[in-house]
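This report is a plain description for a reader new to the structure. Please look at the sequence and the model first, then read on.

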Amino acid sequence: MSRFFLTTTLPYVNAQPHMGHALEFIQADFLARWLKFRYGADNVRFNVGTDEHGQKIRQKAHEAWLSVSDFVSQNVATFVDFCSSFGIGYDSFYRTSLLSHYPVAQTLRNEVKKNWLLGKKTYGGNYCLWCELFKKDKDLVNGECPDHPWQKLVQMEEENYFFLMSHLRDRLLAWFDAHPDFLYPKSKREELRNYLLDLEDLSISRRRETLNRGVPVPDDDDHVMYVWFDALSNYIGACGYPDPSFVDWRSQSIQFCGPDNLRFQWGIWQAMLEAIGAPHTYKLLVHGTVFGPDGNKMSKTLGNVISPFEMKNRYGVDAVRLYVLAGIPTYGNASFVPADMVALHNAWLCDTLGNLINRVLVLGKKYGTDLGDGTALTNQEWARAWADGEKVIEDAMGEYDLYRACHGIHTLWLWANKVFDNSKPRDRILSKEERTAILRDSYTVIVRLCQLYEPVIPAGMARCFGIVRGKEPQIPFVKIEGK
Ligand SMILES: [Zn+2]
């Protein structure tokens, strides 16, 4: 049986949802809906959630003059709202500060200890609060963390628990080399492999004085778990861990993440799975970075930040979802250009999709044709062309190329418009039977096309299906304007 577990990376709730989150959540939602349609909703579980512990959150809460728990609750609420605004149909919203999560992180840690992969060491040095990692001198640029030069490095020294993951290096490398299809895009393999070659032991606890919020270390009251075991264990907690049945969901587990997360989250998380003998992640899909319309990294200083909420309020959720999936390559970096989003929406949804639906329904009504239930396709030439078009989409989805799949769906819509025109359904020389056959087949084609589009823009297609099933001609998508 095919069972799939999909998850986004849990956003760290020190800030509001941004366009990078929109990209990742919408991509994951598209794939989850696609798989549910193919394999049944019960065989797909889609997890999102929030990572709610850590020093950065405390710092941000203080800056906002809020208690940590009020600050966290506020930001979690915006992520929940974000999911409902963008039609993210998750099956679980995992919060790492809930008490139900504690036994997940603690059991994982105990299992790692049982397997002799936990140790206590004194560690000191330069620490980057944003990476949550100690930085070696060789990693610094002008004495700062290269990724977070605006954040002063902190001098830290304390006795911590360490995950002895350097012991797993050879096993992880062997597994990685044996699974060439683990990582998308494949161009990232080299980066991840180099990281695995350098795998070092990892500090996974803090003394309680330093960090007062977090999952308690089971057999040591002076320590609290720090970041890794706490946050990453959600990916098995959402599958039911520590109950042994969690493995039922792990054979085809698909993880979405951003380019910044690749090394830290993925070297480390695969090491944890290796340490407890659990199945590794099946596919890791690493999306690109969304830049501002000017092609620069979004930043408040440059004033080129595009908020997903603002885009949705101005242009509607269908336009944003369609653009994120079909206007931005699944794995490349790209600029978010509102004018391109408007053009895509109007060309694809109004001129192509809406136009055909309206024309088929108008003629069906005009000639009083029984359009059928949208299942039979009698024209063999159309059936062959349809199968070819569908194969293009299937192949793209097999490569987890959501962008190419969307373009494949649009190509089928263009084809449907063309064959409908070429069949000249208004032609007077057609017999009633011939016209009925054309209109019924066209109706079947639009029903199938709507099904293909449902994972892309679920809200718009729910409306569209209402029109198609009701067979009363109506314009499903109205053109939008903007720049
Ligand atoms: Zn850093």
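## Terms and numbering

A residue is called buried if 20 or more other C-beta atoms lie within 10 Å of its own, exposed if 12 or fewer do, and partly exposed in between, with C-beta atoms placed from the backbone. Helices (H or I, at least four residues) and strands (E, at least two) are DSSP runs, numbered from the N terminus.

The model is a predicted one: local features need pLDDT of at least 70, side-chain atom pairs count only at pLDDT 80 or more, and totals for chains, interfaces and linings use all residues. Residue numbers start from 1 along each chain as its sequence is written.

## Strand 2 and its neighbours

Strand 2 covers residues 44-50 and is mostly covered, with seven of its seven residues buried. On one side V44, F46, V48 and T50 are buried, and on the other side R45, N47 and G49 are buried, so that both faces of the strand are covered.

Two strands are said to pair if DSSP finds at least two bridges between them. Strand 2 pairs with strand 3 in the parallel sense over four bridges. Within this pairing V48 stands opposite F93, and G49 stands opposite Y94. Strand 1 (residues 4-7) is also joined to strand 2 by four bridges, and these two strands run parallel. Here F5 is opposite R45.

## The parallel sheet

Strand 2 belongs to an open sheet of six strands with parallel pairing, in the order 3-2-1-11-12-7. Its edge strands are strand 3 (92-95) and strand 7 (183-184), each of which pairs on one side only. Strand 11 (residues 253-257) runs parallel to strand 12, and four bridges join them. The bridge partner of Q255 in strand 12 is L284. Strand 7 is joined to strand 12 by two bridges, again running parallel, and Y184 stands opposite L285 there.

Two β-α-β units involve strands of this sheet. A crossover is right-handed if, with the strands pointing away from the viewer, the path from the first strand over the helix to the second runs clockwise. Strand 1, helix 1 (residues 19-39) and strand 2 make a right-handed unit of this kind. Strand 11, helix 9 (residues 262-275) and strand 12 make a right-handed unit as well.

## The antiparallel sheet

Another open sheet has four strands in the order 5-4-6-8, with antiparallel pairing. Strand 5 (133-135) and strand 8 (202-203) are at its edges with a single partner strand each, so one side of each is left without a neighbour in the sheet. Strand 6 (residues 154-163) and strand 8 run antiparallel and are joined by two bridges. In this pair F162 stands opposite S203.

## Two domains and their contact

The chain is divided into domain 1 (4-287) and domain 2 (338-470), with bounds that come from an automatic or database domain assignment. Their C-alpha centres lie 42 Å apart. Two residues are in contact if their C-beta atoms, placed from the backbone, lie within 7 Å. The contact between the domains takes 10 residues from domain 1 and eight residues from domain 2.

On the side of domain 1 that touches domain 2, helix 1 and strand 12 (283-286) each supply at least two residues. Helix 1 gives the most to this side, with six residues. The residues on this side of domain 1 divide into six nonpolar, two polar and two charged. Ala, Val, Leu, Ile, Met, Phe, Trp, Tyr, Cys and Pro count as nonpolar, Asp, Glu, Lys and Arg as charged, and the others, Gly among them, as polar.

## The nonpolar core

A nonpolar core is a set of buried Ala, Val, Leu, Ile, Met, Phe, Trp, Tyr and Cys residues joined through C-beta atoms within 7 Å. The largest such core has 118 residues, of which W228, L322, L325, I446 and L449 touch the most other members. Helix 1 gives the most to this core, with 10 residues. Domain 1 (4-287) and domain 2 (338-470) both give residues to the core, so it lies between them. Not counting residues up to four places away in sequence, L322 touches L344, H345, W348, L349, V456 and I457.

## Residue L439

L439 is in helix 15 (residues 432-453). It counts as buried because it has 23 C-beta neighbours inside 10 Å. Residues up to four places away in sequence aside, L439 touches V360, L363, G364, T369, L371 and P425. The C-alpha atoms of L439 and R426 are separated by 10 Å, and the two residues are 13 residues apart along the chain.
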